[in-house]
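Student: I'd like to go through this model with you and ask how each label was earned. Could you show it first?

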Amino acid sequence: MTPHNKNISSAWRCLAAAFLLGGIASCGGVGSGGSGMSADNVADGTVNGFGSLIVDGAHYDDRNASVVSEVAPGSDVLTQARLGHRVSVQLDAAGVASTVRVDETLTGPVASIESASQFSMLGQTVRVNSTGTAGPITQFGGGYSQASDVRARDAVSVHGLLVRQGTSYVFQATRIDKLAAAPAYLRATGIVTNLGSTFTLGALTVDAGSATLLPAGSTLANGQVVTLLALPASLQTPTHTTWRVAAAQLRVQSARDTSVYYRISGSISQLNTQARTFTLGGVTVGYGAASVSPAGTVLADGLYAVVHATASGDGTLVATSVTVRDAGSDTEAELSGNISAYDASSQHFTVRGVRVDAGSASLEGCPTGGLANDLYVKVEGRVSPTGVVASSVHCEGEPAGATVQRQGVASSVNPVARSFTLTTSSGPITVQWSDRTYFEGTSVSDLPGRTVEVDGSFVNGVLVATKIQRED
């Protein structure tokens, strides 16, 4: 079995702490995550950059992390985190990422287009966000470049925030990807209502009679946030506006492990200034003893916030700090890595798989000749629907141990030693892969003679790969 299809150990399921809007709160040690803040066990949020993995502005060393996604009940495969993904980062005792979970909020067919910035799927409403003050701007991928590209009956995956709108909830998308094929399992997230022999998630009626309920020992209740997996064949044609599906797995999302320190983000709703509570992704947060920043910030519904909190044991969170993030006061995106696919005429290039528009960027420390392929740069800027519009590009030498990119032709593949030779424009280098290496568009048997790009870090002169992507 090739590395990109390899099922990953389910050790992360060891805890009762659960995931918040697409990221599972996993057990782990204590660490700072490179953010300079108090020790986090779990960081759930939106990816806004790479160099290390950057989640809502906090940097996490992910060089030795397994990046995984659940594609079927109890079955995880290696994947990669992308800009706009909602992820959950499990940290070890040194604050280094050991596991990064990338699980979509919704996966399945688009039911209908409701407006230029809104569509429905699986009984849920998805809203595109184009305003940085309301949270991460929606990213598009898989052939999409804007909201108008989405069509009814398209198979899509959505990462998003659960946002209260009136008396109901919508999902404010942080990323929408068109899928090349229908998924093996549908995925839907929502808040349980009308619990009886069935229950509803928005306009989706769920038959849970044959579903596996996780974490083990959980019970369903109205008001809980749950994520279901279901076979596409179980999705029934809607009657009026109600869809119906038979769940194969249901995962209750709650935070009950009082030993875990959480860093989570989402859109504030149901703010109660007297009780000093609000909800974030359907979970109640008490902020009575919390610091609020930036200084002078007045909390309000609809603001995008990062919360450090502990669990109270009843499914609610007790915040120690609340930080509001918006495009006016924070760097929306940050990338560190080598330039590839540089186009001098348009000043477009790619760093860590993210398309960068540097047409109006200031260049700092760069060669007299300007930008070029293979230069190691740090990019800061704002998020566009398909990447980053750079405000600054700083050229620098590759830091020791940094994640770098090398492109070349693979040869001398040794499956036993898990290594091959990559012949680059600068000469040959040895590449090593592991169980954590993600293969995109290729496999071990396909490597010989292929042009590939390798992401990884050098250890004793060997490029230890985190990702190997076919380029030809």
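Tutor: Below we take the labels one at a time and set values against cut-offs.

Tutor: Some ground rules: this is a predicted model, where local features need pLDDT of at least 70 and side-chain atom pairs count only at pLDDT 80 or more, while totals for chains, interfaces and linings use all residues. Residues are numbered from 1 along each chain as its sequence is written, and side-chain values use heavy atoms, with hydrogens and water left out.

Student: Why is the contact of Arg251 and Glu70 called a salt bridge?

Tutor: The rule asks for a side-chain nitrogen of Lys or Arg within 4 Å of a carboxyl oxygen of Asp or Glu. Arg251 and Glu70 come to 3.7 Å, N to O, so the pair qualifies under that rule. Arg251 sits in strand S22 (residues 249–253) and Glu70 in strand S4 (residues 66–72), so the bridge ties together parts that are 181 residues apart in sequence. A strand here is a DSSP run of E with at least two residues, numbered from the N terminus. Applied throughout, the salt-bridge rule gives a count of 20.

Student: What makes Arg325 buried and Asp330 partly exposed?

Tutor: Buried means under 20% relative accessible area, exposed means over 50%, and partly exposed is in between (1.4 Å probe, protein chains only). Arg325 has 14% relative accessibility, so the label is buried. Asp330 has 24%, so the label is partly exposed. The two side chains meet in a salt bridge at 3.8 Å, N to O. For Arg251 and Glu70, both residues are buried.

Student: How do you know that Glu380 and Lys378 form a salt bridge?

Tutor: Their N to O distance is 3.9 Å, so the pair passes the salt-bridge rule. Glu380, at 25% relative accessible area, is therefore partly exposed. Lys378, at 29%, is partly exposed as well. Elsewhere, salt bridges that share partners join Glu70, Asp76, Arg101, Asp103, Glu104, Arg187 and Arg251 into one network.

Student: What makes S16 and S17 a pair?

Tutor: Two strands pair if DSSP finds at least two bridges between them. Three bridges join S16 (residues 199–201) to S17 (residues 204–207), and these strands run antiparallel, so the definition of pairing is met. Leu201 stands opposite Leu204 there. S17 also pairs with S21 (residues 242–246), in the parallel sense and over four bridges, and Leu204 stands opposite Trp243 in S21.

Student: Why is the link of Cys366 and Cys395 called a disulfide?

Tutor: The cut-off is a pair of cysteine sulfur atoms within 2.5 Å. Cys366 and Cys395 have an S to S distance of 2.1 Å, so the label fits the definition. Cys366 is in the loop between strand S33 (362–364) and strand S34 (376–384), while Cys395 is in strand S35 (residues 387–395), 29 residues apart. Both cysteines are buried. A search of the whole structure finds one disulfide.

Student: What makes Arg352 and Ser412 worth a look?

Tutor: Most residues other than glycine have a negative phi. Arg352 has a positive phi of about 50° although it is not a glycine, and the value for Ser412 is also about 50° and positive. Arg352 is in the loop between strand S31 (348–351) and strand S32 (354–357); at 16% relative accessibility, Arg352 is therefore buried. Ser412 is in strand S36 (residues 404–414), and its relative accessible area is 56%, so Ser412 is exposed.
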